[in-house]
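Here is a friendly walk through one protein model, told as questions and answers. Keep the picture at hand and try each question before you read on.

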Amino acid sequence: MLLELTGLCKSYGKTTVIRDLDLAVKEGEFVGVIGPNGAGKTTLFGLVAGHLACNAGRIALSGRDVTHQRAEQRCRAGIGRTFQIPAPFQSLTVFENVLVAATFGAGLRPAQATALAVSSLQRCGLYSVGDTPAASLSLLQRKRLELARALATQPKLLLLDEVAGGLTDREMAELVALVLALHSEGVTIIWIEHLVHALVPVAQRLVVLTEGTVLADGIPSHVVSDPKVRETYLGAELKFEEEVRPEAAHVVH
Ligand SMILES: Nc1ncnc2c1ncn2[C@@H]1O[C@H](COP(=O)(O)OP(=O)(O)OP(=O)(O)O)[C@@H](O)[C@H]1O
Ligand SMILES: [Mg+2]
């Protein structure tokens, strides 16, 4: 198992956000994660990547207990993530931001770090704005920069948190092609997205999170037609009828 979460709990005061959560992800899997606003999705990534500490439970990466490791140690161990709210180093250029990730996240020497930063920018369509200060990027470009920074840490496990919001169909297709390419290169993917129709065709497995626990977990087309999943979203922001197009119900790998 690449990632194994056992009995994970996270509370803020009396508010429990992640509740006794168990989840296991095998090496090479492509897992989509959906759930209503406030379900605990981003918190889960924070716990896995080490930006948040859990109150109880265990996190193992490739069988090694990383529960008490710092975020930078987990990054070196192969956990890369994007942040839902992009937070680049504003005063650095786009290239420098990615170089920092390659140098400190992946732990590469200058020549290798530079090469990896360049290829990460190219893959994310940001090479032409490499010399631009990160502060002047559009939100879309900042989201791409999140992805480029995560790639530059050379992740084994890539955690994507809502990187697709606001994209046109064409940009979405490009993003999906990039993520599928990374997956085919052996990177294990866990992708949180509200755009269910984007995840269903590409994910091998779909996990639904509600109130900090796993409501459903399985083959995407089965999960989205599960009555208890549909019930959870009734009146909420997800309308499966509209979002899951029939032609999207096949897996492309
Ligand atoms: N630092 C914090 N202090 C207190 N409560 C918090 C904190 N961070 C998150 N929460 C609460 O934890 C819950 C889960 O938040 P989280 O951001 O993980 O949800 P999410 O599933 O990612 O939602 P969204 O789909 O809107 O991104 C929410 O109710 C949120 O208000
Ligand atoms: Mg979130």
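Q: Which residues point one way from β8 and which the other way, and are they buried or exposed?
A: This is a predicted model, and in it β8 has two sides to look at. Thr188, Ile190 and Ile192 point one way, while Ile189 and Trp191 point the other way. β8 is mostly covered, with five of its five residues counted in. On either side, then, the residues are buried.

Q: Over how many bridges do β3 and β8 pair, and in the parallel or antiparallel sense?
A: Strands of a sheet pair through backbone hydrogen bonds, either parallel or antiparallel. Here, Phe30 stands opposite Ile189 in β8. The pairing of β3 and β8 runs over four bridges, and its sense is parallel.

Q: Over how many bridges do β7 and β8 pair?
A: Start with the residues that face each other: Leu159 stands opposite Ile190 in β8, and Leu160 stands opposite Trp191 in β8. β7 and β8 are joined in the parallel sense, and the number of bridges is five.

Q: Why is β7 largely enclosed by the rest of the structure?
A: Look at its two faces in turn. Leu157, Leu159 and Asp161 cover one side, with Leu158 and Leu160 on the other, and all of these are buried. β7 is largely enclosed because the number of its five residues that are buried is five.

Q: Which residue in β7 does Ile79 stand opposite?
A: β7 also pairs with β6, which holds residues 79–81. That pairing is parallel and has three bridges. Within β7, the residue opposite Ile79 is Leu157.

Q: In what order do the four strands of the open sheet come?
A: The pairing in this sheet is antiparallel. β2 and β5 stand at the edges with a single partner strand each, so one side of each has no neighbour in the sheet. One pairing is between β4 and β5, over two bridges, where Ala60 stands opposite Asp65. The order is β2-β1-β4-β5.

Q: What span should the 16 residues of α6 have, and how far apart are its end C-alpha atoms?
A: The expected span counts 1.5 Å for one less than the number of residues. For the 16 residues of α6 that gives 22 Å, and this agrees with the distance between its end C-alpha atoms, which is also 22 Å.

Q: Within what arc do the buried residues of α6 fall?
A: The buried residues of α6 are Leu175, Val179, Leu182 and His183. Seen down the helix axis, they line one face of the helix, because they fall within an arc of 105°.

Q: Which strands do the buried residues of α6 pack against?
A: It helps to set the other side of α6 apart: Asp169, Arg170, Ala173, Ala177, Ala181 and Ser184 are exposed there. Just after the helix comes Gly186, with a positive phi of about 110°. The buried residues of α6 pack against β3, β7 and β8.

Q: How many of the 13 residues of α5 are buried?
A: The buried residues of α5 include Lys143, Glu146 and Leu147. They are part of a buried set that packs against β6, α3, α4 and β7. α5 is mostly covered, and the number of its residues that are buried is ten.

Q: Is Val163 buried or exposed?
A: Val163 lies in the loop between β7 and α6. Leaving out residues up to four places away in sequence, Val163 touches Thr82, Lys143, Glu146, Leu147 and Leu175. A residue needs 20 or more C-beta neighbours within 10 Å to count as buried. Val163 has 21 C-beta neighbours inside 10 Å, so it is buried.

Q: What distance separates the C-alpha atoms of Val163 and Pro86?
A: Along the chain these two residues are 77 residues apart. In space, the separation of their C-alpha atoms is 9.6 Å.

Q: Which element gives the largest share of the shell around ligand 1?
A: The residues around ligand 1 include Tyr12, Gly38, Lys41, Thr42 and Gln84. Two elements give two or more residues to this shell, β2 and α1. By kind, the shell divides into three nonpolar, eight polar and one charged residue. The largest share, three residues, comes from α1.

Methods
Residues are numbered from 1 along each chain as its sequence is written. Chains are lettered from A and ligands numbered from 1 in the order in which they are written. This is a predicted model: local features need pLDDT of at least 70, side-chain atom pairs count only at pLDDT 80 or more; totals for chains, interfaces and linings use all residues. A residue is buried if 20 or more other C-beta atoms lie within 10 Å of its own, exposed if 12 or fewer, and partly exposed in between; C-beta atoms are placed from the backbone. Two residues are in contact if their C-beta atoms, placed from the backbone, lie within 7 Å. A residue is near a molecule or strand if its C-beta atom, placed from the backbone, lies within 6 Å of it. Ala, Val, Leu, Ile, Met, Phe, Trp, Tyr, Cys and Pro count as nonpolar, Asp, Glu, Lys and Arg as charged, and the others, Gly among them, as polar. The arc is that of the directions from the helix axis to the C-beta atoms. Two strands pair if DSSP finds at least two bridges between them.
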